[in-house]
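Dear colleague,

I am handing over the structure below, together with some notes on what came out of it. Please read the notes with the coordinates open beside them.

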Amino acid sequence: PERPILTPSFPRRPVQKAELVRLSQTLLHVPALHWVVVEDAAAPSALVGGVLAASGVSFTHLSAETPPDLRGGPGAPSWLFPRGAEQRNRALRWLRDTRGAHEPGVVYFADDDNTYSLRLFEEMRSTRGVSVWPVGLVGGCAWSGRWSRGGVVGFHTGWRPERPFPLDMAGFAVALRLLLAHPRARFDPRAERGFLESSFLGGLVTPGQLEPRADNCTQVLVWHTRTEKPKLRQEEQLQRQGRGSDPDIEV
Ligand code: UGA
Ligand code: MN
């Protein structure tokens, strides 16, 4: 069965290419994968197209721009609106447009900056509805996710524990059939901070239906790493002196 991996990609960061090259080289090791990359832009860019074409991974390259009223004005804090919602919804629409209702497969939302163990992709293979596992280094905790002890089930999280699904985007996968059976399930781009995952999962399952993976959610196989914003002060200074980097060299 096919394994669509859906990744939003944000063009206005200098690390965009580096993030995608790194992720592509993880995905190269995953069998039967199809990578759907959706740029937060009016049109797909040549830069991302080049990375995808050179990657050796089966891919689809799309774009969906976050509308200005859902981005917050200049200087607005980055957490004011959820990131990647528009792009993941575009990828969901593509899946619904191109895949037959009973096609088997498992869908995973892989952000460009996280760190993924190859074992994670094995664990999600057997997803029947929505499967879950812990995510390392997220929400101010060492890890966050579902736990169970002696038949009692709960969620370990340091952030808004009252959320219906206190899970990070990297902490679950969805059976393609379940997704196609719920054509209205989508990410709410106006969801309150931290509620983006719940806005989507609430249209698919109840918390009690989540299927634990990774040794009953005791193994951390994905880490919510974040890439440091590079400082380009010297570059700006060199440009002012007319000695900037060669613009023909793609970074
Ligand atoms: C956390 C979660 O891990 C994300 O899955 C969730 O989308 C996000 O919070 C949120 O709710 O806003 P975080 O590390 O803070 O993630 O977010 P980023 O990694 O910066 O962005 C998530 C994805 O969206 C990335 O693949 C990024 O390339 C993309 N993105 C980011 C856009 O498409 N547009 C943007 O303006 C910013
Ligand atoms: Mn991230």
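Which residues are closest to ligand 1, and how many surround it? In this model, which is a predicted one, 18 residues surround ligand 1, and the closest of them are Pro8, Asp40, Arg83, Gly84 and Met169. Sorted by character, the residues of that shell divide into 5 nonpolar, 6 polar and 7 charged. Strand S1, which covers residues 3-9, supplies the largest share of the shell, namely 3 residues.

Strand S1 also leads into the sheet. The order of this open sheet of 7 strands is S3-S2-S1-S4-S10-S6-S11, and its pairing is mixed. At its edges lie strand S3 (59-63) and strand S11 (211-212), each of which pairs on one side only. Strands S1 and S4 run parallel and are joined by 2 bridges, with isoleucine 5 standing opposite tyrosine 108 in S4. On the way to S10 the direction changes: strand S4 (residues 106-109) and S10 run antiparallel, with 3 bridges between them, and here valine 106 stands opposite alanine 175 in S10. Strand S6 (residues 130-132) is likewise joined to S10 by 3 bridges in an antiparallel arrangement, and valine 130 stands opposite valine 174 in S10.

Strand S10 itself, residues 172-175, is covered on both faces, with Phe172 and Val174 buried on one side and Ala173 and Ala175 buried on the other. One of these, Ala173, is in contact with tyrosine 108, which also touches Ile5 and Met124 once its neighbours within four places in sequence are left aside. Tyr108 belongs to the largest nonpolar core, a set of 54 residues in which Val107 and Tyr108 have the most contacts.

As for the chain as a whole, there are 8 helices and 12 strands, and 36% of the 251 residues count as buried. Of the contacts with a separation of 6 or more, 73% are between residues 24 or more positions apart. The C-alpha trace spans about 65 × 40 × 35 Å along its principal axes. The radius of gyration is 19 Å, which agrees with the value near 18 Å that a compact globule of 251 residues would have.

Two residues of helix H7 deserve a look at the backbone. Asparagine 216, found in helix H7 (residues 214-217), has a positive phi of about 55° although it is not a glycine. Cysteine 217, found in helix H7 too, is another residue other than glycine with a positive phi, in this case near 65°. Are these two buried or exposed? Asparagine 216 counts as exposed because it has 12 C-beta neighbours inside 10 Å, and 12 or fewer is the limit for that class. Cysteine 217, by contrast, is buried, because 22 other C-beta atoms lie within 10 Å and 20 or more are required.

Finally, helix H8 (residues 233-240) is hardly covered, as the count of buried residues among its 8 residues is 0. Just after H8, glycine 242 takes a positive phi of about 75°.

With best regards

Conventions: Residues are numbered from 1 along each chain as its sequence is written. Chains are lettered from A and ligands numbered from 1 in the order in which they are written. This is a predicted model: local features need pLDDT of at least 70, side-chain atom pairs count only at pLDDT 80 or more; totals for chains, interfaces and linings use all residues. A nonpolar core is a set of buried Ala, Val, Leu, Ile, Met, Phe, Trp, Tyr and Cys residues joined through C-beta atoms within 7 Å. Two residues are in contact if their C-beta atoms, placed from the backbone, lie within 7 Å. Helices (H or I, at least four residues) and strands (E, at least two) are DSSP runs, numbered from the N terminus. The radius of gyration is taken over C-alpha atoms; the globule rule is 2.2 Å times the number of residues to the power 0.38. Two strands pair if DSSP finds at least two bridges between them. A residue is near a molecule or strand if its C-beta atom, placed from the backbone, lies within 6 Å of it. Ala, Val, Leu, Ile, Met, Phe, Trp, Tyr, Cys and Pro count as nonpolar, Asp, Glu, Lys and Arg as charged, and the others, Gly among them, as polar.
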